[in-house]
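I opened the model and kept notes as I went. The entries follow in the order of looking.

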Amino acid sequence: MRGLSGEPVAGAVLDVWQSDDEGLYDVQHPGIDHAQARGVLRADATGRFHFRSILAVPYQVPHDGPVGQMLEATGRHPWRPAHLHFMIQAPGYETLITHVFRDRSAYLDSDVVFGVRESLVCDWTEQPDGSYAMAFDFVLNPLPSAPKGAGAA
Ligand SMILES: [Fe+2]
């Protein structure tokens with residue numbers, strides 16, 4: 001985690017969430033009344049963080065109502081490519097809400113919600129034990145400076 005000038009952002013708070021291995025978020029599971037596949041992390045003094053989770057998979061957005069009718073009318077599918085969601089907050093910086101996509105995922109070129117940007121696609125490398133590792137360097141924008149004289153009476 002670093003700022004726009006390359007400085008490490010110590011202590012940034014990261015909310016991360018994802019769908020499960022069935023492609024569903026916890027709020028989509030009837031009967032699950034607790035948070036699942038969500039976490040809150042804090043970057044260390046050098047701006048680094050790490051965590052382990054399950055491998056993200058593509059999923060379909062709910063399309064049993066008007067969304068489905070719109071997709072059908074426009075000839076589009078309901079799939080999103082595999083991704084993790086992040087919200088990152090640090091004093092002095094704009095809050096960043098984004099997601100990071102798994103390279104080689106299906107639907108990268110046809111995300112139903114048009115969320116994919118090349119800069120958000122990351123290499124998820126398979127490890128000898130069958131797990132995957134990915135690294136992503138988030139860059140935070142500083143809060144805009146107050147104009148000189150602002151707030152002066
Ligand atoms: Fe998602």
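Among contacts between residues at least 6 apart in sequence, what share joins residues at least 24 apart? I looked this up and got 56% for the protein. I note here that the model is a predicted one.

Overall layout. I counted one helix and 11 strands. Along the sequence I read the order as β-β-β-β-α-β-β-β-β-β-β-β. Taken along the principal axes, the box filled by the C-alpha atoms is roughly 55 × 45 × 35 Å. I found 12% of the 153 residues counted as buried.

Strand pairing around β2. I took β2 (13–17) next. β2 pairs with β3 (residues 38–42) in the antiparallel sense, over five bridges. With β6 (residues 83–89), β2 again pairs in the antiparallel sense, and I found five bridges there. I then picked out L14 and looked for its partners. In β3 the bridge partner of L14 is L41, and in β6 I88 stands opposite L14.

A12. I placed A12 in the loop between β1 (2–3) and β2 (13–17). Is A12 buried or exposed? A12 has 23 other C-beta atoms within 10 Å, and the cut-off for burial is 20 or more, so I entered A12 as buried. Leaving out residues up to four places away in sequence, I listed M1, A43, G47, I88, Q89 and A90 as the residues that A12 touches. I also checked A12 against P142: the two are 130 residues apart in sequence, and their C-alpha atoms are 13 Å apart in space.

Nonpolar cores. Which residues make up the largest nonpolar core? I found six residues in it: M1, A12, A43, I88, A90 and L140. Another core, of five residues, lies apart from that one, and its members include A56, A82, L84 and V100.

L140. I went back to this member of the largest core and listed its contacts, setting aside neighbours within four places in sequence. L140 is in contact with M1, G3, V9, I88, A90, Y93, E94 and L96.

Helix α1. How many of the nine residues of α1 (residues 66–74) are buried? I got a count of zero, and I entered the helix as hardly covered. G75 follows α1, and I read its phi as positive, near 70°.

Key. Residues are numbered from 1 along each chain as its sequence is written. This is a predicted model: local features need pLDDT of at least 70, side-chain atom pairs count only at pLDDT 80 or more; totals for chains, interfaces and linings use all residues. Helices (H or I, at least four residues) and strands (E, at least two) are DSSP runs, numbered from the N terminus. Two residues are in contact if their C-beta atoms, placed from the backbone, lie within 7 Å. A nonpolar core is a set of buried Ala, Val, Leu, Ile, Met, Phe, Trp, Tyr and Cys residues joined through C-beta atoms within 7 Å. Two strands pair if DSSP finds at least two bridges between them.
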